[in-house]
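Some labels in structural biology rest on cut-offs. Take each label in turn and ask what earns it.

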Amino acid sequence: MKVLVTGAQGFIGQHLLTYLRENDIEFRGYVRDSGLLDKSIYIDKGSLTFKEDLKFDTLLHFASNTNLSGKKINPDSFHQDNFILTKNILEYSAKTGIRN
């Protein structure tokens, strides 16, 4: 099984990547800033736009912008980080055949 995890820098994502690594499950984590993660975990830093040649069996989406004060400061960023990100993930899943 090959798993893609978004939001790998968050509380749930970090613990999930640790679990996947400890159980020898192949994975890739996506984060905004890799500075806080265990260096032995494979991650990609980026905008969460995906190449269709990357193939995964399962996608676990935990990435979001939960800073509600940021919504007042920059609503475009909040919209991009939450709505557009989820839309991109759903489109990527449909194009690549991810069902889980």
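**Labels and their cut-offs**

Q: What separates Glu-91 and Lys-87 in helix H3?
A: About one helical turn, because the two residues are four residues apart in helix H3 (residues 75–96). Helices are DSSP runs of H or I with at least four residues, strands are runs of E with at least two, and both are numbered from the N terminus.

Q: What kind of model is this, and which atoms and residues count?
A: It is a predicted model, where local features need pLDDT of at least 70, side-chain atom pairs need pLDDT 80 or more, and totals for chains, interfaces and linings use all residues. Residues are numbered from 1 along each chain as its sequence is written, and side-chain values use heavy atoms, without hydrogens and water.

Q: How many helices and strands does the chain have, and in what order do the elements run?
A: The chain has three helices and four strands. From the N terminus the order is β-α-β-β-β-α-α.

Q: Why is the contact between Glu-91 and Lys-87 called a salt bridge?
A: The label needs a side-chain nitrogen of Lys or Arg within 4 Å of a carboxyl oxygen of Asp or Glu. Glu-91 and Lys-87 meet at 3.1 Å, N to O. That value is within the cut-off, so the label applies. Side chains of opposite charge can pair when their charged atoms come close.

Q: How many salt bridges does a search of the whole structure find, and what makes Lys-2 and Glu-26 one of them?
A: The search finds two. The closest N and O atoms of Lys-2 and Glu-26 are 3.8 Å apart, which satisfies the salt-bridge limit. This pair links distant parts of the chain: Lys-2 is in strand E1 (residues 2–6) and Glu-26 in strand E2 (residues 26–31), 24 residues apart.

Q: Why are the four salt-bridge residues called partly exposed?
A: Buried means under 20% relative accessible area, exposed means over 50%, and partly exposed lies in between (1.4 Å probe, protein chains only). Lys-2 has 25%. Glu-26 has 47%. Glu-91 has 36%, and Lys-87 has 37%. These values fall in between, so each residue takes the middle label.

Q: What makes Asp-81 in helix H3 buried?
A: Its relative accessible area is 19%. That is under the limit for buried, so the label holds. Other buried residues of H3 include Phe-78, Asn-82, Asn-88 and Ser-93. In the chain, 39% of the 100 residues count as buried.

Q: Why is Ser-64 partly exposed, and where is it?
A: Ser-64 has 35% relative accessibility, so it takes the middle label. It sits in the loop between strand E4 (58–61) and helix H2 (68–73). The C-alpha atoms of Asp-81 and Ser-64 are 5.9 Å apart, with their positions 17 residues apart along the chain.

Q: What makes the ten-residue set with Leu-59 a nonpolar core?
A: A nonpolar core joins buried Ala, Val, Leu, Ile, Met, Phe, Trp, Tyr and Cys residues through side-chain atoms within 4.5 Å. The largest such core has 10 residues, including Leu-4, Tyr-30, Phe-56, Leu-59 and Ile-98. H3 gives the largest share, three residues. A second, separate core has eight residues, among them Val-5 and Leu-17. Leu-59, in strand E4, meets the burial condition because its relative accessible area is 10%.

Q: Why do Phe-11, Ile-12 and Phe-62 count as a nonpolar patch?
A: Patches take residues with over 30% relative accessible area and no salt bridge; nonpolar side chains (Val, Leu, Ile, Met, Phe, Trp, Tyr) are joined within 5 Å, like charges within 9 Å. The three residues form such a patch on the surface, with about 340 Å² of accessible area together. Areas use the Shrake-Rupley method with a 1.4 Å probe, and for residues only the protein chains shown count as cover. Phe-11, in helix H1 (residues 11–22), has 67% relative accessibility and therefore counts as exposed.

Q: How do you know that H3 is close to its expected span, and where does it bend?
A: The expected span is 1.5 Å times one less than the number of residues. H3 has 22 residues and reaches 30 Å from first C-alpha to last, close to the expected 32 Å. H3 bends by about 30° at Ile-84, the angle between axes fitted to the seven residues ending there and the seven starting there.
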